[in-house]
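Biologist: I'd love a close look at one part of this protein. Could you take me to the largest cavity and show me what surrounds it?

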Amino acid sequence: MPEVDRSVSQTVKAQLALRDQILAGSLRPGERISELQAVETTGASRTPVRMALVRLEEEGLLEAIPSGGFMVKAFSERDISDSIELRGTLEGLAARFAAERGVSARELEPLKECLAAIDELLRQVPISIEAFSSYVTLNARFHALLTELSRSPPLIRQIDRASALPFASPSGFVMAQSALPEAQQILIIGQEHHRVVIDAIENREGARAEAIMREHARLAVRNLRLALRNRTHLDLLPALALIKTATD
């Protein structure tokens, strides 16, 4: 492997390892991360680790310290809701592009198959933790397929960037809400949004498709508030410890 490719690969591995440590709660808000410490925990060399730390700062998970090194960042509830709103706005545009530009029945088939698989999961009463985990995978696939139907590479890149913001992905709070009494109802509402956006795209209703995806993102903001109100199951989403509420 060429030296440049090896360095890039090590950077990505270090970035993923450090992100996992932060989101798993191993590194706490305000905790300092030195380059040397990151080298020891990831097993990567100093140059890739340095690049990985800079990338995590760009993602918003770390904050540079003037004296050197980085600190794990804490987030306000508004930070997260703004990020989710941004993703919803971009996904709404993707749905509108898909509807207005036209999508064939064949292109919609993978989306409908994903919808059917989620329907099957939601027939469980109550929904198991395993089903919630499967939902996370299927929901991410649904959103990715929908984005691709826009046939807009610049928009797809921006959605990928928005989804990479801390907690802004389509399933960012699904596991945390799995322990809540409202959990199944929230998933059912979200699935109805999925169904309606497919119908809007099929019928070339751009404004309707855009509006439903923006509303869908607002449901994710509701999930955020529910998850923050009930932190008794932090083991399901340890990263909630990174979010400060007004009462913290």
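Modeller: Happy to: here is a walk around the largest cavity, followed by the helices beside it and a few other spots.

Please keep in mind that this is a predicted model. The structure holds two cavities of 30 Å³ or more, and the largest cavity contains about 140 Å³ of space. Its lining is made up of 13 residues. If you want to find its centre on your screen, look for Tyr-135, Pro-170, His-216, Leu-219 and Asn-223, which lie nearest to it. Three elements give two or more residues to this lining: helix H6 (129-148), helix H9 (183-202) and helix H10 (206-229). Of these, H10 supplies the largest share, with four residues. As for chemistry, the lining of the largest cavity has seven nonpolar residues, five polar ones and one charged one.

Let's take the helices in turn, beginning with H6. Its 20 residues should span 28 Å at 1.5 Å a residue, and the C-alpha atoms at its ends are 29 Å apart, so the expected and modelled spans agree. Tyr-135, one of the residues nearest the cavity centre, is also among the buried residues of H6. The other buried residues of this helix are Ala-131, Phe-132, Leu-138, Asn-139, Phe-142, His-143, Leu-145, Leu-146 and Thr-147.

Beyond H6 comes the loop between H6 and H7, where you will find Arg-151. Arg-151 has a positive phi of about 55° although it is not a glycine. That is worth a glance because most residues other than glycine have a negative phi. With a relative accessible area of 42%, Arg-151 falls between the cut-offs of 20% and 50%, so this residue counts as partly exposed.

H9 passes the length check too: its 20 residues should span 28 Å at 1.5 Å a residue, and its end C-alpha atoms are 29 Å apart, so the two values agree. Its buried residues include Ala-183, Gln-184, Leu-187, Gly-190, His-193 and His-194, along with Val-197, Ile-198 and Ile-201. Ile-186 belongs to this helix as well. The relative accessible area of Ile-186 is 2%, and because buried means under 20%, Ile-186 is buried. To see how H9 relates to the cavity centre, compare Ile-186 with Leu-219: they are 33 residues apart in sequence, yet their C-alpha atoms are 7.8 Å apart in space. Leu-219, you may recall, is one of the residues nearest the centre of the largest cavity.

Just after H9, Arg-204 takes a positive phi of about 60°. This arginine lies in the loop between H9 and H10.

For contrast, have a look at the second largest pocket, with a volume of about 190 Å³. Its lining consists of Gln-15, Arg-55, Glu-58, Glu-59, Arg-157, Asp-160, Arg-161, Ala-164 and Leu-165. Helix H3 (46-59) and helix H7 (153-163) are the elements that give two or more residues to it. By class, the lining of this pocket divides into six charged residues, two nonpolar and one polar.

One last stop concerns aromatic rings. The charged end of Arg-101 sits over the ring of Phe-97, 4.1 Å from the centre of that ring. As for aromatic pairs, the count comes to zero under a rule that asks for ring centres within 6.5 Å.

Note on methods
Residues are numbered from 1 along each chain as its sequence is written. This is a predicted model: local features need pLDDT of at least 70, side-chain atom pairs count only at pLDDT 80 or more; totals for chains, interfaces and linings use all residues. Side-chain values use heavy atoms; hydrogens and water are left out. On a 1 Å grid over the protein atoms alone, a cavity is a set of points where a 1.4 Å probe fits but cannot get out, and a pocket is an open set with protein on both sides within 12 Å along at least five of seven lines; lining residues have an atom within 4 Å of a point. Grid points are joined across faces, edges and corners, and a volume is the space filled by probe spheres set on the points. Ala, Val, Leu, Ile, Met, Phe, Trp, Tyr, Cys and Pro count as nonpolar, Asp, Glu, Lys and Arg as charged, and the others, Gly among them, as polar. The expected span of a helix is 1.5 Å times one less than its number of residues. Buried means under 20% relative accessible area, exposed over 50%, partly exposed in between (1.4 Å probe, protein chains only). Rings of Phe, Tyr and Trp (its six-membered ring) pair if their centres lie within 6.5 Å; planes under 30 degrees apart count as stacked, over 60 as edge-to-face and the rest as tilted. A charge sits over a ring if NZ of Lys or CZ of Arg is within 6 Å of the ring centre and within 35 degrees of the ring normal.
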